[in-house]
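Got your viewer open? Let's take a short walk through this one, one selection at a time.

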Amino acid sequence: MTETNNISGPVREAKSGSPVAMIAISVILAAALIFLIAKYFNQKNKMIEMETVLTAEKDSLANELRIMAARYDTLRTDNDSLNAGLERQKKRIVQLLSINASNIQLIKTYRAEIGTMREIMKSYIVQIDSLNTRNKILVAENKEIRQEITKVKTTNTQLEKTKEELTAKVDIASVIQAKDIIAVALNKKRKETTRLSLLDKLRVCFTLRENPLASAGPKEVFLRVIRPDSLVITSSSENMFDFRGNKMVFSANRTADYMNQDVEMCIFVDNTGDFITGNYSIELYLEDNLIGKTVFMLNKK
């Protein structure tokens, strides 16, 4: 009976210590669980914060890209090479806007690329501004050149007009005029008469004036005797000469050797029966110019 009591004592002690161990283990497990839960929520909060930062950074990058795209749309130039570069940069912006960056490293890479693109855009802006400035200078220079050309044309027109006026004056000044024109009717005895019945010849005498501006040489003078009824007396229907683009009938003609000095000469017209009574006009022509006029009269008596 005594031995049985000694064996059952330790067993009861072990049974009485088992709840304490379980409690200790439970406490340890609970602490570990609390630590893991805390760590989980901490990591979750960090992930949420990181996601928030990534989202904000992506939105910032996207906003910068849109602003850059808008800036590129405002850049205009006539330079084909610059236009091609601008198109490449705008296409790259569209590509970057379509990319969904999922980590900070990618965002840093895109941030660096955006910085490079920003510098490239600044370079384009400087080049375009330089081209625009140069174009403005060229436009101003072209305007000045056009104004100068207009002035030169105006001056040339004025000079041409002045030249024409001077040429006209020289042409007028170089015309050989006739002076001392006298027309008289002659009878067969070469005596002057005013009677139509005694008329044998008409004599027209005059002097070709000296003119140092005129050309020297043979000068053909054409005489027109115009009747009171405006008909021109002529001995042949072939007696025609050119006057300022028109054909005119002449009564008689004579060539003189002109040496820029006064030349006295006479032209005779035979009475072929075409003379009538009344007042006659006499006209002298030389080198496309009317050089002198006079009148005479024939009576019946």
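A disulfide here means a pair of cysteine sulfur atoms within 2.5 Å. Keep in mind as you click around that this is a predicted model.

**Stop one: the cysteines.** Select C205 and C266 and show their side chains. Their sulfur atoms sit 1.9 Å apart, so by that cut-off the two form a disulfide. The structure holds one such link. Now colour by secondary structure: C205 belongs to strand β3 (residues 201–208), while C266 belongs to strand β9 (residues 263–270). With their positions 61 residues apart, the pair ties together distant parts of the chain. Look along the S-S bond and you'll find a right-handed link, with 105 degrees about that bond. Is C266 buried or exposed? Somewhere in between: C266 is partly exposed, at a relative accessible area of 23%.

**Stop two: a hairpin.** Next, select residues 240–243, which make up strand β6. Which residues lie on its covered face? Those are F241 and F243, with M240 and D242 on the uncovered face. Add strand β7 (residues 246–249): β6 and β7 run antiparallel and are joined by four bridges. Pick F243 again and look across to N246 in β7, which stands opposite. The hairpin has two residues between the strands, and R244 takes a positive phi near 50 degrees.

**Last stop: the surface.** Turn on the surface and select L33, I37, Y40 and F41. Together they form a nonpolar patch with about 410 Å² of accessible area. To place the patch on the fold, follow L33 into helix α1 (residues 2–74).

Definitions and conventions. Residues are numbered from 1 along each chain as its sequence is written. This is a predicted model: local features need pLDDT of at least 70, side-chain atom pairs count only at pLDDT 80 or more; totals for chains, interfaces and linings use all residues. Side-chain values use heavy atoms; hydrogens and water are left out. Buried means under 20% relative accessible area, exposed over 50%, partly exposed in between (1.4 Å probe, protein chains only). Patches are made of residues with over 30% relative accessible area and no salt bridge: like charges are joined within 9 Å, nonpolar side chains (Val, Leu, Ile, Met, Phe, Trp, Tyr) within 5 Å. Accessible areas come from the Shrake-Rupley method with a 1.4 Å probe; for residues, only the protein chains shown count as cover. A salt bridge is a side-chain nitrogen of Lys or Arg within 4 Å of a carboxyl oxygen of Asp or Glu. Two strands pair if DSSP finds at least two bridges between them.
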